[in-house]
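Welcome! Take a moment to look at the model below, and then let's walk through some of its features together.

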Amino acid sequence: MKPIIKYLFLYLVLHLPLISHSNNIGEVVFVRPDTDELWISHWKDTRTARQIYQHSHWIFELAVQTDGPYIVIVSDHDAQNFLFDAYLIDRNDKNAGARNLTQKRFDEVNDIDISHNGDIIFTNRQTGIFPHPVYGVYLIPNQELRKRVPKVHLLIQKVAFQIEWFIDGEHIVYDDLDNDINIYNVFKRKKVLHEVNLKGKFPTISPDGNRLAFIDSNLEKVTTIKIISIKPIRLLQTITPIDHSTFMGIKWTPDGSAIVYTVSGIDHKTRNYRASLNGGPHEEILKIDGKGPYLFDWNSIKNFSVEPKNKLTTHWGKLKKSI
């Protein structure tokens with residue numbers, strides 16, 4: 001190889017964005033039923049399941065960085081009179097264990113998600129243990145994750161529950177105390193689609209970022225799952241769950257062709273059903289020892305064209321100026 005070509009090749013390797021050619025489509029990371037263990041498997045065949053992490057306490061929320069090394073969880077610990085914190089697990093450094101990111105600073109962490117760039121959002125809720133905490137939607141930028149005490153930014157001061165990133169790593173969707181579904185631009189720090197009044201719970205955005213699914217009732221009496229387009233806002237489809245004794249959540253499949261909803265039956269067993277948008281019977285998936293995991297997230301998603309593409313870090317200059 002001629003020297004100039006060799007140096008050009010080396011430059012391209014070191015400086016071009018990292019592009020993932022993932023073969024992990026269809027894999028899920030989940031909490032194995034009745035344990036505090038994280039496992040991974042293909043959703044169609046749980047015989048391939050293998051343990052990837054053993055946590056020290058019960059896990060209550062889970063999110064996986066798609067095509068990245070990080071897993072974030074919400075878990076309790078041994079501290080007296082305290083419930084849930086947010087933890088970071090680096091699959092490239094499993095021996096490091098789970099790092100506590102919130103460290104009892106936000107009362108009880110409720111829900112959490114991590115973008116493909118590694119930026120973390122979470123909501124918190126009141127336990128009555130700590131005086132006058134601020135409740136809302138919080139952000140931990142990716143460059144803070146390695147710090148002993150990460151800086152956390154309050155984005156929205158409002159009681160919020162379920163929260164999720166869009167694939168663009170810029171917008172989030174969450175529901176609140178009034179059952180309003182909100183879409184918010186993190187960079188511009190403003191709500192979008194504010195002229196539309198969407199009501200429901202458990203909002204989840206499709207992998208292409210164009211469709212939103214949510215349930216149209218409360219936890220105890222789920223009737224239907226609605227699927228809408230975002231621009232323009234219009235109802236596309238309604239799915240009626242075949243089992244909804246106690247509803248626990250919904251997710252899109254990585255290719256955006258189906259919804260997976262999680263329920264707990266009268267026998268107290270968790271079950272996960274895949275409902276194709278093309279119709280047909282709902283398929284129970286992810287059965288482990290006759291049960292379904294109550295928490296799971298996709299290990300990878302179908303690569304959609306988003307802007308900006310293949311970023312390794314997020315630049316938060318504009319956000320910092322507004323805080």
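## The second largest cavity

Strand 14 (residues 181-185) gives three residues to the lining of the second largest cavity, the most of any contributor. Keep in mind that this is a predicted model. The full lining is made up of Ile-181, Asn-182, Ile-183, Val-192, Leu-193, Val-196 and Leu-198. Sorted by type, six of these residues are nonpolar and one is polar, with no charged ones. The space inside comes to about 40 Å³.

## The sheet around strand 14

Where does strand 14 sit in its sheet? The order is 12-13-14-15, an open sheet of four strands with antiparallel pairing. Strand 12 (160-165) and strand 15 (190-192) each have a single partner strand and stand at the edges, so one side of each has no neighbour in the sheet. From one strand to the next, the twist averages 35°.

In general, strands of a sheet pair through backbone hydrogen bonds, in a parallel or an antiparallel way. Here, strand 12 and strand 13 (residues 171-176) run antiparallel and are joined by four bridges. To find one pairing yourself, look for Glu-164, whose bridge partner in strand 13 is Val-173.

## The largest cavity

How many cavities of 30 Å³ or more are there? The count comes to two, and the largest holds about 50 Å³ of space. Its lining consists of Leu-88, Ile-89, Asp-90, Asp-93, Ala-96, Gly-97, Arg-99 and Arg-146. Strand 6 (residues 85-90) supplies the largest share of this lining, with three residues. By type, the lining of the largest cavity has four charged residues, three nonpolar and one polar.

Key:
Residues are numbered from 1 along each chain as its sequence is written. This is a predicted model: local features need pLDDT of at least 70, side-chain atom pairs count only at pLDDT 80 or more; totals for chains, interfaces and linings use all residues. Side-chain values use heavy atoms; hydrogens and water are left out. Two strands pair if DSSP finds at least two bridges between them. Helices (H or I, at least four residues) and strands (E, at least two) are DSSP runs, numbered from the N terminus. Axes are lines fitted to C-alpha atoms, for helices over the stretch in contact, and angles run from 0 to 180 degrees between N-to-C directions. On a 1 Å grid over the protein atoms alone, a cavity is a set of points where a 1.4 Å probe fits but cannot get out, and a pocket is an open set with protein on both sides within 12 Å along at least five of seven lines; lining residues have an atom within 4 Å of a point. Grid points are joined across faces, edges and corners, and a volume is the space filled by probe spheres set on the points. Ala, Val, Leu, Ile, Met, Phe, Trp, Tyr, Cys and Pro count as nonpolar, Asp, Glu, Lys and Arg as charged, and the others, Gly among them, as polar.
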